[in-house]
Amino acid sequence: MAESSVQQFSIEKTDSPVAKADREKLLEDPGFGNLFTDHMTMIRWSEGQGWHDARVQKREAIQMDPASSVLHYAQEIFEGMKAYRLEDGSTALFRPEENAKRFQASARRMAMPELPVNMFMESIEKLVDIDRDWIPSIEGGSLYLRPFMFASEVFLGVRPAKQYLYLVIASPAGAYFKKGSSAVTIWVSEDYSRAAPGGTGAAKCGGNYAASLVAQAEAIKQDCDQVVFLDAAEHKWVEELGGMNLFFVMDDGRLITPPLTGTILPGITRESIMTLAREEGLTVSEELYSIDQWEADAKSGALRETFACGTAAVVTSVGTVKSSGGSFTIGSGGPGQLTEKLRSRLVDIQRGIAPDNHSWVKRLF
């Protein structure tokens with residue numbers, strides 16, 4: 001799709017920001033996904049005109065026509081990333097260019113216009129600059145950033161839309177799981193699939209998550225934190241959780257993760273963990289791993305640890321796996337030693353505590 005040249009962003013600050021005292025009170029315990037900053041970024045795209053009307057403005061409701069295409073045909077994609085406060089007081093992003101590239105890949109799969117990487121980056125950086133005071137100072141606090149785009153054309157018809165709206169909103173965040181760093185319990189979905197070959201599994205679109213919600217609700221009923229999905233064809237190969245990639249730590253020094261065959265989201269945290277694990281001397285293997293093998297290896301001790309990873313939760317140990325046929329425990333059922341080491345290494349790089357040998361951290365100001 002046609003792209004316009006890089007647009008100049010206009011800045012329109014709100015005249016009624018949250019008062020400093022009120023903001024500081026809110027940031028003492030921000031939770032995850034419930035609190036939002038004063039501003040947002042917006043860029044429009046239309047056929048023939050390309051990207052235009054780039055701005056940072058006050059956060060407000062979006063007025064939508066009932067016939068807006070996204071409401072009927074679900075042309076929508078998003079990203080998830082974080083801004084961190086470093087040890088020296090400066091602010092940084094972690095591998096934001098990878099988010100920009102994945103956003104483009106998702107757009108291609110959903111027949112949407114690709115936002116240029118430099119425009120994506122500028123939309124993030126300007127919002128973080130204006131709302132930097134919303135980054136929590138609590139341990140593990142960050143500013144969660146949600147870039148997203150949807151079809152805004154008003155029409156009813158099954159075809160790619162001719163108008164789109166791109167926005168970025170920001171949400172101060174604490175821990176993703178209430179349990180903090182303790183191991184989580186997951187439920188094996190036997191009746192539902194997250195994605196199928198040829199589908200949208202590798203794209204970060206809302207439909208993938210909508211399809212997972214009934215299984216996630218089932219997991220919650222079973223007193224589990226998350227749901228794990230198996231492949232759609234044979235229903236035996238472990239793929240990913242509702243919003244995180246999985247890793248298996250074996251007793252022979254291997255680290256196994258399901259391969260990216262088009263049904264799994266290519267996680268940026270996933271790729272970073274693979275790099276760090278190799279530096280720790282592990283053999284990292286992308287290979288199919290069955291649910292039956294997972295249980296057998298856990299019971300025999302061949303499997304030492306299992307962990308999930310993603311932008312929101314970072315790295316989280318999996319302690320127990322439940323299904324309609326019973327349950328099994330991994331290791332001691334608590335946080336794994338290697339899991340915690342990899343998590344610490346990653347977080348220390350993100351926070352500017354450890355050397356950034358891979359140039360992953362982008363300092364802003």
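# A walk through the model, one selection at a time

Start by selecting Arg 55 and Asp 53: their side chains meet in a salt bridge, with N and O 2.7 Å apart. A salt bridge here is a side-chain nitrogen of Lys or Arg within 4 Å of a carboxyl oxygen of Asp or Glu. Before you click on, note that this is a predicted model, where local features need pLDDT of at least 70 and side-chain atom pairs count only at pLDDT 80 or more, while totals for chains, interfaces and linings use all residues. Residues are numbered from 1 along each chain as its sequence is written, and side-chain values use heavy atoms, with hydrogens and water left out.

**Stop 1: around Arg 55**

Is this pair hidden or not? Arg 55 is partly exposed, at 21% relative accessible area, and Asp 53 is partly exposed too, at 27%. For these labels, buried means under 20% relative accessible area, exposed means over 50%, and partly exposed is in between (1.4 Å probe, protein chains only). Now add Glu 12 and Arg 44 to your selection: together with Asp 53 and Arg 55 they are linked in a network of salt bridges.

**Stop 2: Glu 79 and Arg 102**

Next, pick Glu 79 and Arg 102, whose side chains meet in a salt bridge at 2.8 Å, N to O. This pair links distant parts of the chain: Glu 79 is in the loop between strand E4 (76-78) and strand E5 (81-85), and Arg 102 is in helix H3 (residues 96-109), 23 residues apart. About those names: helices (H or I, at least four residues) and strands (E, at least two) are DSSP runs, numbered from the N terminus. Both Glu 79 and Arg 102 are buried.

**Stop 3: Lys 204**

Keep Glu 79 on screen and add Lys 204, which lies in the loop between strand E9 (184-188) and helix H5 (206-221). Which side chain of opposite charge is nearest to Lys 204? That is Glu 79, 5.8 Å away; Lys 204 is buried yet has no salt bridge. Charges are counted like this: Lys and Arg are positive, Asp and Glu are negative, and His and the chain ends are not counted. Leaving aside residues up to four places away in sequence, Lys 204 touches several others, including Ile 77, Phe 78, Glu 79, Arg 102 and Tyr 209. Touching means contact, with heavy atoms within 4.5 Å.

**Stop 4: along helix H3**

Go back to H3 and select Lys 101, which lies in that helix. Lys 101 is partly exposed, with a relative accessible area of 44%. Add Val 117, 16 residues away along the chain: the two C-alpha atoms are separated by 6.8 Å.

Then click on Arg 95, in the loop between strand E6 (91-94) and H3. Arg 95 is buried, at 11% relative accessible area. Check the backbone here: phi of Arg 95 is near 50 degrees, a positive value in a residue other than glycine. Why stop for that? Most residues other than glycine have a negative phi.

**Stop 5: Val 314**

For another positive phi, jump to Val 314, at about 65 degrees and again not a glycine. Val 314 lies in strand E16 (residues 314-323) and is buried, with 10% relative accessible area.

**Stop 6: Arg 132, then Gly 33**

Select Arg 132 and Asp 129 for one more salt bridge, where the closest N and O atoms are 2.3 Å apart. Arg 132 is partly exposed at 29%, and Asp 129 is partly exposed at 34%.

After that, find Gly 33 in the loop between helix H1 (20-26) and strand E2 (39-46). Gly 33 is partly exposed, with a relative accessible area of 38%. Measure across to Tyr 176: the two are 143 residues apart in sequence and 8.9 Å apart in space, C-alpha to C-alpha.

**Last stop: zoom out**

Now show the whole protein: its secondary structure comes to eight helices and 18 strands. The radius of gyration is 21 Å, close to the 21 Å that the globule rule gives for 365 residues, so the protein is as compact as a globular protein of that length. That radius is taken over C-alpha atoms, and the rule is 2.2 Å times the number of residues to the power 0.38. The C-alpha atoms fill a box of roughly 60 × 50 × 35 Å along the principal axes. Colour by burial and you have 52% of the 365 residues counting as buried. As for the salt bridges, the structure holds 21.
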